[in-house]
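Q: Please take a close look at how the cysteines sit in this structure, and then carry on to the aromatic rings and the second largest pocket.

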Amino acid sequence: MGRNKPLLPDSKKGESTVNGDQYSTIATALSMVGMIARGGFRVRPDDAVPPLGDGRAARTVVIAGNAGPAMWRAFRADIRPGPDPLDRWCRSVLAEIAKEIGAGLVLPSDGPPYAPFQRWAMRAEAVFISPLGLLIHPKWGLWHGYRGAFLVGEPFDVPPREAGQSPCESCPEKPCLTTCPVGAFTGEDYRVDDCTAYLHRPDGSSCLTGGCRARRACPVGKNHLPEPDQAGFHMQAFLASRP
């Protein structure tokens, strides 16, 4: 499962490989499984970053994520039967990379307690909380994800966080708040039970097979919408997670 060849020679696996190219090394490894490096940050006391397995404090965090079709296609070609297949696949390929670079690994699904991935993401790159509660990216809109975080015991340089403001601030109509057929999004709350009930109805098939209609209404990142089978997979996973 995962990449066909190791990122580092066998003699280096599990050892710290921190050097001036550490971030680009991680980015290259992620690209081999269809993911991308989503920025990083030097750890501060208030970041709530857990210690490494050997008890050392993490000094640098690099976020792993996805945008566009590459990760979905890599996962689809390697999908295994069983529950939570995407989480299991992400854990497998990211753990392999973490082992090779001598880093700790945290996934959004690890918990409770759960790591504050939204806060970490906003530290790492220019993303902002949208009216739907999802993080919006100036290029990818709402069509991106965070799959894990590498925790490294040594400090090293990461790309500086780009300046900018949320694209939602220059969106007067905010169609994401008016498109949901059952008004599940209010700008202050997400009525998840109303959403789930609608998806079980025959007229909810558009959202169930094509992805959330409110999310699709966002004008940012329109050319990064997921492929139909990817959208349907995530919506079915969402339903399966509901009691």
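A: In this predicted model, the number of disulfides is 0. A disulfide is a covalent bond that joins the sulfur atoms of two cysteines. Cys-212 takes part in no disulfide, and the nearest cysteine sulfur to it, which belongs to Cys-207, is 5.7 Å away. For a pair to count, the two sulfur atoms would have to be within 2.5 Å. The case of Cys-218 can be read in a similar way, since the closest cysteine sulfur, in Cys-168, is 6.2 Å from the sulfur of Cys-218, and that is too far for a bond. Cys-218 is also buried, its relative accessible area being 8%.

From the cysteines we can turn to the aromatic rings, for which the count comes to 7 aromatic pairs. One of them joins Trp-72 and Phe-75, whose ring centres are 5.6 Å apart and whose planes stand at 55 degrees to each other, so that the pair is classed as tilted. These two residues both belong to helix α2, which covers residues 70–76, and because they are 3 residues apart in that helix, about one helical turn separates them. Trp-72 and Phe-75 are both buried. A second example is the pair of Phe-185 and Tyr-190, which is stacked, with 4.7 Å from centre to centre and 5 degrees between the planes. Within this stacked pair, Phe-185 is buried at a relative accessible area of 11%, whereas Tyr-190, at 31% relative accessibility, counts as partly exposed. Returning to Trp-72 and Phe-75, we find that they form one aromatic cluster together with Trp-89 and Phe-233.

The last part of this look concerns empty space instead of contacts. Rolling a probe the size of a water molecule over the atoms shows where such space is left. In the second largest pocket, the space amounts to about 190 Å³. This pocket is lined by 14 residues, and those closest to its centre are Ala-124, Glu-125, Ala-126, His-137 and Glu-162. Strand β1, which runs over residues 36–42, gives the most to the lining of the second largest pocket, contributing 3 residues. Sorted by class, the lining of this pocket is made up of 8 nonpolar, 2 polar and 4 charged residues.

Note on methods. Residues are numbered from 1 along each chain as its sequence is written. This is a predicted model: local features need pLDDT of at least 70, side-chain atom pairs count only at pLDDT 80 or more; totals for chains, interfaces and linings use all residues. Side-chain values use heavy atoms; hydrogens and water are left out. On a 1 Å grid over the protein atoms alone, a cavity is a set of points where a 1.4 Å probe fits but cannot get out, and a pocket is an open set with protein on both sides within 12 Å along at least five of seven lines; lining residues have an atom within 4 Å of a point. Grid points are joined across faces, edges and corners, and a volume is the space filled by probe spheres set on the points. Helices (H or I, at least four residues) and strands (E, at least two) are DSSP runs, numbered from the N terminus. Ala, Val, Leu, Ile, Met, Phe, Trp, Tyr, Cys and Pro count as nonpolar, Asp, Glu, Lys and Arg as charged, and the others, Gly among them, as polar. Rings of Phe, Tyr and Trp (its six-membered ring) pair if their centres lie within 6.5 Å; planes under 30 degrees apart count as stacked, over 60 as edge-to-face and the rest as tilted. Buried means under 20% relative accessible area, exposed over 50%, partly exposed in between (1.4 Å probe, protein chains only).
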